[in-house]
Amino acid sequence: FCKHENKAILPMEPVKSKVQYGNEIKNLVNYLSVRQCLPMARLRELLNVQYNLKISDGTINNMVNGKAKQMEQVHEKIKMVLSQSKTVGSDETGINLNGKTNWMWVYQNDSFTYFYNSKNRGFKTIEQLFPKGLPKSVLTTDRWGAQLKTNAREHQICLQHLKRDCIKLIETYQSKWAMKLS
């Protein structure tokens, strides 16, 4: 080697801070966090062990929130498509968010899935999401009162929920009726 030392000035235009992560790491963090539901501590551990990256919770949150901001239009488009769909399935489940119970609502058809986090499990959330309801849809639910109040072309009870209820009746009461229905 010639042992000549080359020096250059770091281009400051794209550099915004001392530490920056490229799109590949940001996409990996989002994929592992959002799609694979990897908890924060395990995600940090994986990035450290696999890539020798020590990324803080705050940076991971910033990456996920940044991608969420980029996806807002897509999220709204999915909701709009579902509001016009012939069939929609819906459910809600409790989630722990920073030590508090919230509700993750889901609406889906064969092609799209829409998630919405709410502090409310009641009809108020549905009114906020779909003010006119789903008037073109057959809405399949688990018989939750808020969902049954939703304006829809028709309501259908989720067969998996019915089957689960039948199993409980069979196991608890040896219900012959539930056995036949099941």
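**Figure 1. Lining of the largest pocket in the predicted model**. The largest pocket is lined by 25 residues, and among these N30, V34, V64, A68 and F115 lie nearest its centre. Two or more lining residues are contributed by each of the helices α1 (23-35), α2 (40-51), α3 (57-70) and α4 (72-83), and likewise by each of the strands β1 (87-97) and β3 (113-118). The largest share of this lining comes from α3, which supplies 6 residues.

**Figure 2. Volume and residue classes of the largest pocket**. The space within the largest pocket amounts to about 1200 Å³, and its lining divides by class into 16 nonpolar, 7 polar and 2 charged residues.

**Figure 3. The second largest pocket**. This pocket has a volume of about 190 Å³, and of the 10 residues that line it, K16, S17, Q20, Y21 and K26 lie nearest the centre. By class, the lining of the second largest pocket consists of 4 nonpolar, 4 polar and 2 charged residues.

**Figure 4. The open sheet and the helix α4 packed on it**. Five strands form an open sheet of mixed pairing in the order β3-β2-β1-β4-β5, in which the edge strands β3 and β5 (152-157) each pair on one side only. Neighbouring strands of this sheet are turned against each other by 25 degrees on average, direction ignored. Within the sheet, β1 and β4 (134-141) pair in the parallel sense over 3 bridges, and the bridge partner of G89 in β4 is T140. Helix α4 packs on the sheet and touches β1, β2 (100-108), β3 and β4, while its direction makes about 110 degrees with that of β3.

Methods
Residues numbered from 1 in each chain as written. Predicted model: local features only at pLDDT ≥ 70, side-chain atom pairs only at ≥ 80, totals over all residues. Heavy atoms only, no water. 1 Å grid on protein atoms, 1.4 Å probe; cavity = no way out; pocket = protein on both sides within 12 Å on 5 of 7 lines; lining within 4 Å. Points joined across faces, edges and corners; volume = space filled by probe spheres on them. Helix = DSSP H or I, 4+ residues; strand = E, 2+ residues; numbered from the N terminus. Nonpolar A, V, L, I, M, F, W, Y, C, P; charged D, E, K, R; others polar. Pairing = 2+ DSSP bridges. Axes fitted to C-alpha atoms, helices over the stretch in contact; angles between N-to-C directions. Contact = heavy atoms within 4.5 Å.
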